[in-house]
Amino acid sequence: MPQDPRVDAYIAKAAPFAQPILEHLRSLIHRACPDTEEAIKWSMPMFLYRGKIIVNIAAFKAHAAFGTWKREVGDSIDRPEATMGRLGRLTRLADLPPDDEIVAAVRCAMAAVDAGGTSTRRVSSPKPAPDVPDDLQAALDAVPAAATAFAAFPPGARRDYTDWVIEAKQAATRARRIAQAVEWCAEGKRRHWKHEAC
């Protein structure tokens with residue numbers, strides 16, 4: 001499969017220490033899975049097999065990372081001390097395990113896709129609707145459009161507002177947040193509306 005120029009650009013913009021790590025991982029992924037399709041998702045290079053993400057690479061300010069997306073990949077590639085991706089924080093090529101271990105991990109992820117395997121992402125049970133603080137509810141009730149919009153939001157969107165208000169440490173901050181919440185709700189906006197796709 002051809003390489004995605006967006007991944008080329010991502011690697012070119014990475015810190016100099018990370019570029020050889022990312023290039024090496026990329027070449028190993030292609031060696032293990034010649035049919036891999038490259039993509040950028042969540043601002044990181046992802047490698048897909050049969051339309052399913054199997055692995056990703058990423059660069060940060062002080063380290064690079066390699067992650068797998070299938071539970072079945074197992075512990076062979078994991079480092080118990082890892083706090084970032086499957087291989088921990090990578091700062092130089094010498095931090096990588098032998099090439100054949102990475103190739104084996106990619107092939108294991110491919111086999112999991114072929115077998116209908118599951119993602120490493122955990123399915124969480126839905127949280128209950130949030131308890132709205134009395135002062136926030138009173139402020140919303142004072143502006144019918146805000147109260148109506150807030151009530152129509154899904155539980156997660158209501159929780160975003162309630163958590164934001166509850167987390168305020170000072171009374172003045174809480175009051176400002178309540179006023180802002182009412183204003184945004186009256187406009188039908190969720191708490192993180194600035195980050196939502198248009």
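Begin by selecting Cys185, which is buried, with a relative accessible area of 0%, where buried means under 20% relative accessible area, exposed over 50% and partly exposed in between, using a 1.4 Å probe and protein chains only. The model is predicted, so local features need pLDDT of at least 70 and side-chain atom pairs count only at pLDDT 80 or more, while totals for chains, interfaces and linings use all residues. Residues are numbered from 1 along each chain as its sequence is written, and side-chain values use heavy atoms, leaving out hydrogens and water.

Next, select Cys108, which is partly exposed at a relative accessible area of 25%. The count of disulfides (pairs of cysteine sulfur atoms within 2.5 Å) comes to zero.

Now turn to the largest nonpolar core (buried Ala, Val, Leu, Ile, Met, Phe, Trp, Tyr and Cys residues joined through side-chain atoms within 4.5 Å), which has 30 residues, with Leu22, Leu25, Ile54, Phe66 and Val106 making the most contacts inside it. Helix H2 (18-32) is among the elements that each supply at least two residues of this core; helices (H or I, at least four residues) and strands (E, at least two) are DSSP runs numbered from the N terminus. The largest share, seven residues, comes from H2. Select Leu25 and, leaving aside neighbours within four places in sequence, display its contacts (heavy atoms within 4.5 Å), which include Ile57, Phe66 and Ile102. A second, separate core of 15 residues includes Leu136, Ala146, Trp164 and Cys185.

Finally, colour the open sheet of four strands, whose order is E1-E2-E3-E4 with antiparallel pairing, strands being paired if DSSP finds at least two bridges between them.
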